[in-house]
Amino acid sequence: MLFKVMLLESTRVTEQRVFHTLWEALAAHDRMTADHCRRVSVAAFELAKAGGLSAALQIEARYAGLMHDLGKIGLPESVLNKPARLDAFESKRMMGHPAWGEHILKPFSHLPLVLAIMPAVRNHHERFDGAGYPDLSAGESIPLLARLVAIVDTVDAMTQTRAYRKGLPLEVAYAEIARCAGSQFDPKWAEIYLASKGYIVEDDLARAA
Ligand SMILES: [Fe+2]
């Protein structure tokens, strides 16, 4: 019994170290994306909580959010921060980031928490109507945590100020979630998100001011 507890404890510590190291690597490559992931992590956790998911799923939502854009580590700065529309080649590379993130995590998939969040990392750009990527999954065949991350990711991306554009007000992002409920987003989770008014982290408030 004691051995089992110690093993579980050491697995938890290893998981934390893996996530910490990967986030730090992403931050060294692109601080804005890493900060975005940190905010999405908090918001995904809060949405999971608002929707009554188990404590274990709330933790998975937190790390799914933290790691969702890990694959952007494979994109050059010229693509990540391009102040214009991406060309076809750049778009293709950008659309590869969810699968690339999953690929980076794969060597750590013996760790339960890593294994649990890999589908969310791979599928966070799927759409509820099946028109997303990379797997063209639809409805509830999209992993649950991917459906949660899709909502909070969109709100953060829309409200985030970049070097080349000012972030939109939170109310505009909320309206977009309502407008795209059932097409881009899981309508049930969009409703839960909007009912809980989302979880506004400090950075959001600063950006919305
Ligand atoms: Fe993404």
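A crossing of two helices is called left-handed if the near helix is turned anticlockwise from the far one by less than a right angle, and right-handed if it is turned clockwise. Helices here are DSSP runs of H or I with at least four residues, numbered from the N terminus. With those two ideas in hand, welcome to the structure above.

Residues are numbered from 1 along each chain as its sequence is written. The model is predicted: local features need pLDDT of at least 70, side-chain atom pairs count only at pLDDT 80 or more, and totals for chains, interfaces and linings use all residues.

**Helix 3 and its partners**

A good place to begin is helix 3, which covers residues 55-67 and has 13 residues. From its first C-alpha to its last it reaches 19 Å, close to the 18 Å expected at 1.5 Å a residue. That expected span is 1.5 Å times one less than the number of residues.

Which residues of helix 3 are buried? A residue is buried if 20 or more other C-beta atoms lie within 10 Å of its own, exposed if 12 or fewer, and partly exposed in between, with C-beta atoms placed from the backbone. By that rule, the buried residues of helix 3 are Glu60, Ala61, Arg62, Tyr63, Ala64, Gly65, Leu66 and Met67. They pack against helix 1 (2-29), helix 2 (31-50), helix 6 (97-105), helix 7 and helix 8.

Two packed helices are described by the angle between their axes and the distance between the axes. Axes are lines fitted to C-alpha atoms, for helices over the stretch in contact, and angles run from 0 to 180 degrees between N-to-C directions. Here are three pairs to look for.

| Helix pair | Angle and axis distance |
|---|---|
| Helix 1 and helix 3 | roughly 25°, within 10 Å |
| Helix 7 and helix 8 | about 50°, 8 Å |
| Helix 3 and helix 8 | about 55°, 10 Å |

Angles under 35 degrees count as roughly parallel, over 145 as roughly antiparallel, 65 to 115 as roughly perpendicular and the rest as oblique.

The axes of helix 1 and helix 3 cross at roughly 25°, which means that helix 1 is roughly parallel to helix 3. Their crossing is left-handed. Two residues are in contact if their C-beta atoms, placed from the backbone, lie within 7 Å. In this pair, Phe19, Leu22 and Trp23 of helix 1 make the contact with Tyr63, Leu66 and Met67 of helix 3. The residues of this contact divide into six nonpolar, no polar and no charged. In this scheme, Ala, Val, Leu, Ile, Met, Phe, Trp, Tyr, Cys and Pro count as nonpolar, Asp, Glu, Lys and Arg as charged, and the others, Gly among them, as polar.

Helix 3 and helix 8 pack at about 55°, so helix 3 is oblique to helix 8. Helix 3 passes helix 8 in a right-handed crossing. Glu60, Ala61, Ala64 and Gly65 of helix 3 make the contact with Leu145, Leu148, Val149 and Val152 of helix 8. By class, this contact has six nonpolar, one polar and one charged residues.

**Helix 7, helix 8 and the loop between them**

For helix 7 and helix 8, the angle is about 50°, which makes helix 7 oblique to helix 8. This crossing is right-handed. Ile117, Pro119, Ala120 and Asn123 in helix 7 meet Leu145, Ala146 and Val149 in helix 8. The contact holds six nonpolar, one polar and no charged residues.

Now follow the loop between helix 7 (112-123) and helix 8 (144-159), where Pro134 lies. Most residues other than glycine have a negative phi, and most peptide bonds are trans. The peptide bond from Tyr133 to Pro134 is cis, with omega near 5°. Leu136 lies in this loop too, and its phi is near 55°, a positive value in a residue other than glycine.

Is Leu136 buried or exposed? Leu136 counts as exposed, because it has 10 C-beta neighbours inside 10 Å. Pro143, also found in the loop, is buried, with 22 other C-beta atoms within 10 Å. Leaving aside its neighbours within four places in sequence, Pro143 is in contact with Pro119, Ala120 and Asn123.

**Two more residues to find**

Thr14 lies in helix 1 and counts as partly exposed, with 15 C-beta neighbours inside 10 Å. Thr14 and Phe108 are 94 residues apart in sequence and 9.7 Å apart in space, C-alpha to C-alpha.

Glu191 lies in helix 10 (residues 187-195) and is partly exposed, with 16 other C-beta atoms within 10 Å. Glu191 and Ile177 are 14 residues apart in sequence and 8.8 Å apart in space, C-alpha to C-alpha.

Methods. Helix = DSSP H or I, 4+ residues; strand = E, 2+ residues; numbered from the N terminus.
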